[in-house]
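Me: I would like to go through this chain step by step, from the overall fold down to single side chains. Please give the reasoning before each value or name.

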Amino acid sequence: MKRTTNIEELYLKIRCPHCDKKIKLTFNTTKCPKCGIHFEENEIKQFYFDCESMIVNNKVLLFVYRHPKFLGLTAGIITGIIINAIIYF
């Protein structure tokens, strides 16, 4: 996950639920660059908004986000949430 204060500049490294290849999910992602499967635009944006809200409203996640040496933990948590949400939608 890239450290930024602007949610539209954030990207998350995930595995595509269709082809299982590593991709960088951005705020404006519409399809997998590897296999071409289309993602629902509104769902991707909602995932980002939910993650941002979760970070801001959780003292532990906000601390980890503000301190780069703990950023790997935050990226793992957020990536897990997004992958679960993509799989179950």
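Me: How many helices and strands does the chain have?
Reply: The model is a predicted one. Along the sequence the elements run β-β-α-α-α. The count is therefore three helices and two strands.

Me: What share of the residues in the chain is buried?
Reply: A residue counts as buried under 20% relative accessible area. The chain has 89 residues, and the buried share is 34%.

Me: How much surface does the chain expose, and what part of it do carbon and sulfur atoms supply?
Reply: The exposed area of the chain is about 5900 Å². Carbon and sulfur atoms supply a part of that area equal to 54%.

Me: In which sense do strand 1 and strand 2 pair, and over how many bridges?
Reply: Strand 1 covers residues 11-15 and strand 2 covers residues 22-26. The two form a hairpin with six residues between them, and Asp20 in the turn has a positive phi of about 65°. One of the bridges joins Lys13 to its partner Lys24 in strand 2. The pairing is antiparallel, over five bridges.

Me: Which residues of strand 1 are on its covered face?
Reply: Strand 1 has one covered and one uncovered face. Tyr11, Lys13 and Arg15 belong to the uncovered face. The covered face holds Leu12 and Ile14.

Me: Which side chain meets Lys45 in a salt bridge?
Reply: The structure holds one salt bridge. Lys45 and its partner are four residues apart in helix 1 (residues 41-57), which means about one helical turn separates them. Lys45 is buried at 17% relative accessible area, whereas the partner is partly exposed at 43%. The N to O distance is 3.7 Å, and the partner is Glu41.

Me: Is Thr29 buried or exposed, and which backbone nitrogen lies 2.7 Å from a polar atom of its side chain?
Reply: Thr29 sits in the loop between strand 2 and helix 1. Leaving aside neighbours within four places in sequence, Thr29 is in contact with Lys24, Phe39 and Ile44. Its relative accessibility is 9%, so Thr29 counts as buried. The nitrogen at 2.7 Å from the polar side-chain atom belongs to Thr26.

Me: Which backbone oxygen lies 2.5 Å from a polar atom of the side chain of Tyr48?
Reply: Tyr48 is in helix 1 and is buried, with a relative accessible area of 2%. The residue that supplies the oxygen is 23 residues from Tyr48 in sequence, with the C-alpha atoms 10.0 Å apart. That residue is Leu25.

Me: Why does the pair of Phe27 and Tyr48 count as edge-to-face?
Reply: The whole structure has two aromatic pairs. In the pair of Phe27 and Tyr48, the ring centres are 5.8 Å apart. Phe27 lies in the loop between strand 2 and helix 1 and Tyr48 in helix 1, so the pair ties together parts that are 21 residues apart in sequence. The pair is edge-to-face because planes over 60 degrees apart count as such, and here the planes are at 90°.

Me: Which residues form one aromatic cluster?
Reply: Phe27 is buried at 5% relative accessibility. Its ring also pairs edge-to-face with Phe49, with centres 5.6 Å apart and planes at 65°. Phe49 is in helix 1, 22 residues from Phe27 in sequence, and counts as partly exposed at 37% relative accessibility. The cluster consists of Phe27, Tyr48 and Phe49.

Key
Residues are numbered from 1 along each chain as its sequence is written. This is a predicted model: local features need pLDDT of at least 70, side-chain atom pairs count only at pLDDT 80 or more; totals for chains, interfaces and linings use all residues. Side-chain values use heavy atoms; hydrogens and water are left out. Buried means under 20% relative accessible area, exposed over 50%, partly exposed in between (1.4 Å probe, protein chains only). Accessible areas come from the Shrake-Rupley method with a 1.4 Å probe; for residues, only the protein chains shown count as cover. A salt bridge is a side-chain nitrogen of Lys or Arg within 4 Å of a carboxyl oxygen of Asp or Glu. Two strands pair if DSSP finds at least two bridges between them. A polar contact is a pair of N or O atoms within 3.5 Å; within protein, one must be able to donate a hydrogen and the other to accept it, and residues adjacent in sequence count only if both atoms are side-chain atoms. Contact means heavy atoms within 4.5 Å. Rings of Phe, Tyr and Trp (its six-membered ring) pair if their centres lie within 6.5 Å; planes under 30 degrees apart count as stacked, over 60 as edge-to-face and the rest as tilted.
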